[in-house]
Amino acid sequence: MIPKETITISDIARMADVSISTVSRVLRGTTNVSESKYNAVLAAVAELDYQPNIFARGLASGQSMAVGVLTQNFGSPFFDAIMQGVVRGLQGTSYFPVFADGQWQLEMEREAIQRMLQRKIDGLIILGGFLEAEELYQLADQIPILVVARQIADFRETCLCVDNVEASYKATRHLIELGHRRIAHISGRPDQPNAIDRKQGYLQALAEAGIDPISALIVEGNFRRSSGVLAIDKLLSSGVSFSAIFAANDQMAFGARLGLYRRGIRVPEEVSLVGFDDETAAAYMIPPLTTIRQPAVELGLEAARLILGRLTGQQLSPSQL
């Protein structure tokens, strides 16, 4: 038996009694071959337990067969669900994902992207983030890219996300239709694009209903649960009354729910609470959290489909999510 570490496509070709080019075509899936030759190659691959040298293949083809995925927070249920979708979307293809974390910091984001580029990734999927359109254009000149869960005005053809302004408008409008007039908002970071858009939707719904916004009822968070707890402390200490809260994501809504519970304030009997993202855990709160749905796994699947299309020269349009 040939040592496993020295097996080559030449060995497969000899065992299958086909040409080396036929083995290469079967392994790459690039050209049709006869069924008998195809089965013979697969049988030889299985018999020899062949493991392709991806690094060598990359040198030969000029491709690494890797797709970089930049998240903003490993452990975030929303971003992790998108990454799960990307993984599923790449399964069964020649490409595999390489992950990095920007940690909600622009410089960390830039560094992570640079390190992935140095490793010769073939495509890049960016989840959220802070890069401006100009930097994204420069990246797009080097490599196929896709931005997920963020809308950029000058880069719309490369973005995949929900309409944050419209969704937040509807969330706030829902509370207004329930009869609430004093609606607090726990926003995300003021420099984060999605946070800006969601605050805009909140203010738009208030303006349309003739409700003047109260600055004390708008509390800045950071998309983490702890900031939701702290937001409740700040709201209650302000002395300004409120009957409803729209949190810019579910994580902060979970924190707000805990903060209200600690103060003996019942949801929804005394304060209505709405989140954003529709994380799985939202359904297991008592009572279940009312929230705007972001189809995270579907976003990841669609991102994988679109980046694969760009890597193979196809002009694919986003599906309706």
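**Exercise 1. The parallel sheet**

In which sense do strand β1 and β2 pair, and over how many bridges? Then establish the order of the sheet and place the helices that pack on it.

*Solution.* The structure is a predicted model, and the pairing is read from its bridges. Strand β1, residues 66–71, pairs with β2 in the parallel sense, and six bridges join them. One of these pairings can be followed at the level of residues, since T71 has D101 in β2 as its bridge partner.

The next step widens the view to the whole sheet, an open one of five strands in the order β2-β1-β3-β4-β5, with parallel pairing. Because β2 (96–101) and β5 (159–160) each have a single partner strand, they stand at the edges, and one side of each is left without a neighbour in the sheet.

The helices come last. Helix α6, residues 106–118, lies across β1, β2 and β3 (123–127), and its direction makes about 170 degrees with β1. Helix α12, residues 296–311, also packs on the sheet, where it touches β1, β3, β4 (145–148) and β5, running at about 165 degrees to β4.

**Exercise 2. The surroundings of β9**

Determine how many residues of strand β9 are buried, and trace the strands that pair with β9.

*Solution.* Strand β9 spans residues 272–277, and six of its six residues are buried, so the strand is largely enclosed by the rest of the structure.

Strand β8 (residues 244–247) pairs with β9 in the parallel sense over three bridges, and in this pairing A244 stands opposite S272 of β9. Between β8 and β9 the chain passes through helix α11 (residues 250–262), giving a β-α-β crossover that is right-handed.

Strand β10 (residues 290–293) runs parallel to β9 and is joined to β9 by four bridges; here the bridge partner of D277 is R293.

**Exercise 3. The crossing of α1 and α3**

Decide whether α1 is oblique to α3 or roughly parallel to α3, and list the residues that make the contact.

*Solution.* The axes of helix α1 (residues 9–16) and helix α3 (residues 35–48) come within 9 Å and cross at roughly 120 degrees. That angle makes α1 oblique to α3, and the crossing is right-handed.

On the side of α1 the contact is made by D11, I12, M15 and A16, and on the side of α3 by A40, V41, A44, V45, E47 and L48. The spacing can be considered against a general rule: an α-helix has 3.6 residues a turn, so residues three or four places apart point the same way. As to burial, D11, I12, A13 and A16 of α1 are buried. Just after this helix, D17 takes a positive phi of about 60 degrees.

**Exercise 4. Backbone exceptions**

Identify where W104 and K120 lie and whether each is buried or exposed, and then locate the cis peptide bonds before P268 and P287.

*Solution.* The background is that most residues other than glycine have a negative phi, and most peptide bonds are trans.

W104, in the loop between β2 and α6, has a positive phi near 55 degrees, and at 11% relative accessibility W104 counts as buried because the cut-off for that class is under 20%. K120, in the loop between α6 and β3, has a positive phi near 65 degrees, and at 60% relative accessibility K120 counts as exposed.

The bond from V267 to P268 is cis, with omega near 5 degrees, and P268 is placed in the loop between α11 and β9. The bond from I286 to P287 is likewise cis, with omega near -10 degrees, and P287 lies in the loop between β9 and β10.

Methods
Residues numbered from 1 in each chain as written. Predicted model: local features only at pLDDT ≥ 70, side-chain atom pairs only at ≥ 80, totals over all residues. Heavy atoms only, no water. Pairing = 2+ DSSP bridges. Helix = DSSP H or I, 4+ residues; strand = E, 2+ residues; numbered from the N terminus. Contact = heavy atoms within 4.5 Å. Axes fitted to C-alpha atoms, helices over the stretch in contact; angles between N-to-C directions. Buried < 20%, exposed > 50% of the residue type's maximum accessible area, 1.4 Å probe, protein only. Right-handed = clockwise from strand over helix to strand, strands pointing away. Parallel < 35°, antiparallel > 145°, perpendicular 65-115°, else oblique. Left-handed = near helix turned anticlockwise from the far one by under 90°.
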